[in-house]
Amino acid sequence: MKGKLIIFSAPSGAGKTTIVKRLLAKHSDKIAFSISASTREPREGEIDGKDYYFISNDDFLHKIAKQEFIEFEEVYSGTFYGTLRKEIERIWEEGKSVIFDIDVVGGLRLKSKFPDEALAIFVNPPSLTVLKDRLRGRGTDSEEKLQERFAKAEHELSFADKFDVILNNFELDTACDEAESLVLDFLKK
């Protein structure tokens, strides 16, 4: 039996992670977070098995060969992210729907694999300038990495209309309220 999938995608810095965390805090009885696998190094405070499954490139490639991923992508040069099949199954076995905080390409791949079971929401930032300011403000990336993220963000914004819903995150509390309404309505169907 399949459950439902709620996909939040956006360029890095658009606010999708904050929105997803607020939804999880209020509705953990209905939804559970899909923990992605990644080959990147953990950021300060991130916990393996909670924020991501941090694995080596070799392990990631081995899992690709064994078809353990529902979707995966080399998001940045040499850095892979993916959704493990067992992660979705684990959440469905708990009787919950899966919520994703995932890059744009991965979100569209999930929607294409689960067209009827998934709600794909694109989180739109107020502007590219605000997005760049947010990413710079994190203080976690080198200038080279920031430029890579900025270029990727511009490209990802062009995919917004391929999602079921575009959620404007111009004011965080309003965006969170709108996201909650979208998710609860979808889960009732």
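In the predicted model, F8 is positioned opposite D101 of strand β7. This placement belongs to the pairing of strand β1, formed by residues 5-9, with strand β7, formed by residues 97-102; the two strands run in the parallel sense and are joined over five bridges. Both strands are part of an open sheet of five strands, in which the order is β2-β7-β1-β8-β9 and the pairing is parallel. The edges of this sheet are occupied by β2 (31-33) and β9 (165-168); each has a single partner strand, so one side of each is left without a neighbour in the sheet. On average, and with direction ignored, neighbouring strands of the five-stranded sheet are turned by 25° against each other.

A further open sheet comprises four strands in the order β4-β3-β6-β5, and its pairing is mixed. Here the edge strands are β4 (52-54) and β5 (69-76), each of which pairs on one side only. Between neighbouring strands of the four-stranded sheet, the average turn, direction ignored, is 25°. Within this sheet, strand β3 (residues 36-38) runs antiparallel to strand β6 (residues 79-84), and two bridges join them. In this pairing, S38 of β3 faces Y81 in β6.

Two helices pack on the four-stranded sheet. Helix α3, spanning residues 85-93, touches β4, β5 and β6, and its direction makes about 35° with that of β6. Helix α4, spanning residues 104-113, touches β5 and β6, and its direction makes about 160° with that of β5.

Aromatic contacts were also examined. The structure holds eight aromatic pairs, among them that of W92 and F114. A pair of aromatic rings is described by the distance of the centres and the angle of the planes. For W92 and F114, the ring centres lie 5.9 Å apart and the planes stand at 85°; because this angle is over 60 degrees, the pair is edge-to-face. W92 is located in helix α3, whereas F114 lies in the loop between α4 and β8 (118-124), so the pair ties together parts that are 22 residues apart in sequence.

Helix packing is considered next. Two packed helices are described by the angle between their axes and the distance between the axes. Helix α1 (residues 16-26) packs against helix α7 (residues 172-188) at an angle of about 55°, and the axes are 10 Å apart. Because of this angle, α1 is oblique to α7. The crossing in which α1 passes α7 is right-handed. On the α1 side, the contact is made by T18, I19, R22, L23 and K26; their counterparts in α7 are L172, D173, A175, C176, A179, E180 and V183. By character, the residues of this α1-α7 contact divide into seven nonpolar, one polar and four charged.

Helix α5 (residues 128-138) and helix α6 (residues 143-157) likewise pack, with an angle of about 150° and an axis separation of 11 Å. The crossing of α5 and α6 is right-handed. From α5, the residues L128, L131, K132, L135 and R136 take part, meeting E143, L146, Q147, R149, F150, A153, E154 and L157 in α6. The contact of α5 with α6 comprises seven nonpolar residues, one polar residue and five charged residues.

Technical notes
Residues are numbered from 1 along each chain as its sequence is written. This is a predicted model: local features need pLDDT of at least 70, side-chain atom pairs count only at pLDDT 80 or more; totals for chains, interfaces and linings use all residues. Side-chain values use heavy atoms; hydrogens and water are left out. Two strands pair if DSSP finds at least two bridges between them. Axes are lines fitted to C-alpha atoms, for helices over the stretch in contact, and angles run from 0 to 180 degrees between N-to-C directions. Contact means heavy atoms within 4.5 Å. Angles under 35 degrees count as roughly parallel, over 145 as roughly antiparallel, 65 to 115 as roughly perpendicular and the rest as oblique. A crossing is left-handed if the near helix is turned anticlockwise from the far one by less than a right angle, and right-handed if clockwise. Ala, Val, Leu, Ile, Met, Phe, Trp, Tyr, Cys and Pro count as nonpolar, Asp, Glu, Lys and Arg as charged, and the others, Gly among them, as polar. Rings of Phe, Tyr and Trp (its six-membered ring) pair if their centres lie within 6.5 Å; planes under 30 degrees apart count as stacked, over 60 as edge-to-face and the rest as tilted.
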